[in-house]
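Dear colleague,

I am handing over the structure below, together with an account of what was found in it. Please have it open beside you as you read.

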Amino acid sequence: MKNNFLFALSLLLSLLGGKSLSAQKNPANYNWLHPEKVWVLEDTLNEISGLSMTADNAHLLEVEDETGNVYQLNPTTMTLQTSVPFWKEGDYEGVEAVGDSWYVVKNTGTIYAIHHPCTPQQETIKYNTLLTDHSDVEGLGYDPIRHALLLACKASSTVGGGSTEERAVFAFNLSTHTLDTVPFLVFNQAAVQAYLDTCAQKPAMEKINEIFSEEAFSFHPTAIAVHPLNGHLYLSSSKGNLLFVANREGHILHIIKLPKTFHRQPEGICFDNHGNLYISNEKRKDNPACIVMYRYLVE
């Protein structure tokens, strides 16, 4: 089945490769119909839930939502290099490399700081936040302007639980090791509708309009990352296979429907320092876990 999946991807990429980039629309400077690369992951990484690239682009870090390990992958081949234990088993949802340290977040909002990883001096410090499992933290990113970790919540928009019709991003200050109780950003149906009202009603938007015509707010962030070149925030959503792009004020710039051919369950996103975007996808039924890379198209 894995070989069939690879063959289908190869065929689709070759067909799409015949189209010129100038003939396609590329929202947010990526060609969403034509990924640069697709890697199928080994079975150890079937439950991959978070991604981060180290600052030197030498390693791609991953966590999965069962074991307390950070996995280092070769970013060129996506082969597993090292498995680094940091804590006991748990529901870990995001990983982020900041300087020489790694940070991992649990679905409860607990943060684990891994200092001096892969050395005899490695130590892990645990930080409890005011978030709980009611918030269902799924995404972890790093904001260099605030020097803060960004925690994207899949459920409640308030500390300790609250409205489920909004989705919040909270900031964890890395200087004080405290969580801001007021969300950094909040997304809701009104913000989505304001964006949709500015869009021409093209066929590509029909499905997105359909998703957000449902009674419940259909945005469930699974990952967050800050673009290294323009500072925009990218948030993936497992519901609807969506990718949100927003500025630092929370204004939605793009909503992109990711192709199901490559993204059966997008769970992690990150950038390299050239702006290339990596999206990880958990195994789902007969579709193996994979990482898809989109090349940044400089204007």
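Before the pockets are described, one definition is needed: helices and strands are DSSP runs, of at least four residues for a helix and at least two for a strand, and they are numbered from the N terminus. Please also keep in mind throughout that this is a predicted model.

The chain as a whole

The protein chain holds three helices and 21 strands, and of its 299 residues 52% are buried. Where contacts join residues at least 6 apart in sequence, 48% of them link residues at least 24 apart. The accessible surface amounts to about 13200 Å², and carbon and sulfur atoms account for 50% of that area.

The largest pocket

The largest pocket has a volume of about 850 Å³, and 32 residues line it, with Ala204, Ile208, Ile255, Ile256 and Lys257 lying nearest its centre. Helix H3 (203-211) and strand S18 (252-257) each contribute at least two residues to this lining, which by class is made up of 15 nonpolar, nine polar and eight charged residues.

Strand S18 is also worth following beyond the pocket. Strand S17 (residues 242-246) runs antiparallel to S18 and is joined to it by five bridges, with Ala246 standing opposite Ile252. The two strands form a hairpin that has five residues between them, and in the turn Gly250 has a positive phi of about 90°.

The second pocket and the cavity

The second largest pocket encloses about 430 Å³ of space. Its lining consists of 27 residues, of which Glu96, Tyr142, Val226, Pro228 and Phe271 lie nearest the centre, and the classes represented there are 16 nonpolar, seven polar and four charged residues. Five strands each supply at least two residues of this lining, namely S2 (48-53), S6 (92-98), S10 (137-143), S15 (221-226) and S19 (266-271).

Those strands come up again in the interior, where the structure holds one cavity of 30 Å³ or more. The largest cavity has a volume of about 40 Å³, and of the 15 residues that line it, Gly50, Leu51, Gly94, Leu140 and Ala223 are the closest to its centre. S2, S6, S10, S15 and S19 each supply at least two residues of the cavity lining, and this lining divides into six nonpolar, six polar and three charged residues.

Two residues with positive phi

Two further residues deserve a look, one after the other. Ala28 is not a glycine, yet it has a positive phi of about 65°; its place is in the loop between helix H1 (2-16) and strand S1 (37-40). Is Ala28 buried or exposed? Its relative accessibility is 11%, and because buried means under 20%, Ala28 counts as buried.

His116, likewise a residue other than glycine, has a positive phi near 50°, and it is found in the loop between strand S8 (111-115) and strand S9 (123-127). The relative accessible area of His116 is 44%, and since this value falls between the 20% and 50% limits, the residue is described as partly exposed.

If you would like a place to begin, I suggest turning to the largest pocket and its lining from helix H3 and strand S18, and then to the cavity that is lined in part by S2, S6, S10, S15 and S19.

With best wishes

Key:
Residues are numbered from 1 along each chain as its sequence is written. This is a predicted model: local features need pLDDT of at least 70, side-chain atom pairs count only at pLDDT 80 or more; totals for chains, interfaces and linings use all residues. Side-chain values use heavy atoms; hydrogens and water are left out. On a 1 Å grid over the protein atoms alone, a cavity is a set of points where a 1.4 Å probe fits but cannot get out, and a pocket is an open set with protein on both sides within 12 Å along at least five of seven lines; lining residues have an atom within 4 Å of a point. Grid points are joined across faces, edges and corners, and a volume is the space filled by probe spheres set on the points. Ala, Val, Leu, Ile, Met, Phe, Trp, Tyr, Cys and Pro count as nonpolar, Asp, Glu, Lys and Arg as charged, and the others, Gly among them, as polar. Buried means under 20% relative accessible area, exposed over 50%, partly exposed in between (1.4 Å probe, protein chains only). Contact means heavy atoms within 4.5 Å. Accessible areas come from the Shrake-Rupley method with a 1.4 Å probe; for residues, only the protein chains shown count as cover. Two strands pair if DSSP finds at least two bridges between them.
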